[in-house]
Amino acid sequence: MVTELFPRPYILVGIDGSSSSLLALNWAVNEAQLRNLPLRLVHAVDFESFALGFNPGASESFFEYLETTGQRFLDEAMDHVKVLDPELEVALTRKAGRPARVLIDLSRDAFLTVLGSSGLNAFTGLLAGSVAVALTAHGHSPVVVVRAPGVPVTGSVVVGISGGPDSEDAIAWAFEEASMRGAELNAVLTWSYVPSYFYYSEPPWNDLIGRAREDQQAMLLAERLAGWQEKYPDVTVRRITAVGNPAEVLLGHAQHAQLLVTGSHGRGDATGLFLGSTSHKLIHHANCPVFVARPHARESTR
């Protein structure tokens, strides 16, 4: 089942009837309003997971139940959107297949893909974060994972910045989101912690942890932000450099944020298992939605 689709990019939202997907839908509606984009709500009917273990007579009625339940989830989601914004354009899609595979495929034409961090259970689809991990590793659009209830509508936008070019997409999206929301942008650059037992081993280690190292990182952060601050003069930027584990540092700064933006920092295997460890930890533990800027996804959606 597919309703009429749009001739322009849309925000794709995974729906599975869970409270997690409802949180994601709330966030997606707000984002659609800010960007004046339509929503496409999708439910994956995962027949494959139930293809074994049923006799033919019993399975037919059971599979029909899966379809009707999936349609009910979509209809309820549609009703929820209409309460929040009756004027918002919405399309519904019910498609057979594994949830991660379906969402990855549909993300090709999406501006953003939004989903909850975990589903209701194995029966309804999104399995305990596995789909979120797979999407952030393989999605064709940027992916937003919403996991915390009571998502703040105020607070800063936090972006994690690395020393290399891999965070350029994250910086671009972070400035844009901060500008739309009228939020302060906290730009965080973290460099690796040097264990204390190295401090006195060789002179070069002392240089790495001294004031010169701090100044070097501050200069690097300023260089990474320079062009973007000129493009978005309305955004107040707070520059932060820190020593430590990148995920732990970002989680600390994002405790009261309304959005945390990061690069994917890794491609992952078929399930996203080898997704960059920082992104992996953020989508499982952040108190706010996590926006994973997939490399080169911006070019395909603009």
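Two strands count as paired when DSSP finds at least two bridges between them. Keep that in mind as we walk through this model, which is predicted.

Let's start with a pair that passes the test. Strands β2 and β3 run in the parallel sense and are joined over seven bridges. If you want a spot to zoom in on, look for H43, which sits opposite R94 in β3. Strand β3 is mostly covered, with five of its seven residues buried.

Now zoom out to the whole sheet. It is an open one built from 10 strands, in the order β3-β2-β1-β4-β5-β10-β9-β6-β7-β8, and its pairing is mixed. Where are the edges? They are β3 (90–96) and β8 (237–243); each has a single partner strand, so one side of each is left without a neighbour in the sheet. On average, neighbouring strands are turned by 20° against each other, direction ignored.

Over at the β8 end, strand β7 (residues 185–191) pairs with β8 in the parallel sense, again over seven bridges. Here W191 is the residue to find, since it stands opposite V243 in β8. Helix α5 packs on the sheet, where it touches β4 (110–116), β6 (157–161), β7, β8, β9 (259–263) and β10 (290–293). The direction of α5 makes about 170° with that of β6. Angles over 145 degrees count as roughly antiparallel, so α5 and β6 fall in that class.

While we're on α5, have a look at its charged side chains. As a general point, side chains of opposite charge can pair when their charged atoms come close. In α5, R181 makes a salt bridge with E177, and their closest N and O atoms are 2.8 Å apart. Why can these two reach each other? They are four residues apart in helix α5 (residues 168–181), so about one helical turn separates them. Are they buried or exposed? R181 is buried at 18% relative accessible area, and E177 is buried too, at 0%. The cut-off for buried is under 20%, so R181 counts as buried with its 18%.

Helix α2 (residues 56–84) holds another bridge of this kind, with E76 and R72 four residues apart, about one turn of the helix. Their side chains meet at 3.3 Å, N to O. This pair is partly exposed: E76 has 41% relative accessibility, and R72 has a relative accessible area of 40%.

For a bridge that links distant parts of the chain, go to E248 and K281, whose closest N and O atoms are 2.2 Å apart. E248 is in helix α8 (residues 246–253) and K281 in helix α9 (residues 277–285), 33 residues apart. Both ends are partly exposed, E248 at 41% and K281 at 29%. Some bridges also share partners, and in that way E31, R35, E176, E177 and R181 are joined into one network. How many salt bridges are there in the model? The count comes to 10.

Next, a helix pair. Two packed helices are described by the angle between their axes and the distance between the axes. For helix α3 (residues 99–106) and helix α4 (residues 130–138), the axes come within 9 Å and cross at roughly 30°. That makes α3 and α4 roughly parallel to each other, and their crossing is right-handed. The residues that meet are P99, A100, L103 and I104 from α3, with V131, A134, L135 and H138 from α4.

Last stop: helix α1 and the loop after it. Q33 lies in α1 and counts as partly exposed at 39% relative accessibility. Leaving out residues up to four places away in sequence, Q33 touches L84 and D85. Q33 and E87 are 54 residues apart in sequence, and their C-alpha atoms are 9.9 Å apart in space.

Then comes N36, in the loop between α1 (19–35) and β2 (39–45). Most residues other than glycine have a negative phi. N36 is not a glycine, yet has a positive phi of about 55°. With 58% relative accessibility, N36 counts as exposed. From there the chain leads to β2, the strand that pairs with β3, which is where we came in.

Conventions:
Residues numbered from 1 in each chain as written. Predicted model: local features only at pLDDT ≥ 70, side-chain atom pairs only at ≥ 80, totals over all residues. Heavy atoms only, no water. Salt bridge = Lys/Arg side-chain N within 4 Å of Asp/Glu carboxyl O. Helix = DSSP H or I, 4+ residues; strand = E, 2+ residues; numbered from the N terminus. Buried < 20%, exposed > 50% of the residue type's maximum accessible area, 1.4 Å probe, protein only. Axes fitted to C-alpha atoms, helices over the stretch in contact; angles between N-to-C directions. Contact = heavy atoms within 4.5 Å. Parallel < 35°, antiparallel > 145°, perpendicular 65-115°, else oblique. Left-handed = near helix turned anticlockwise from the far one by under 90°.
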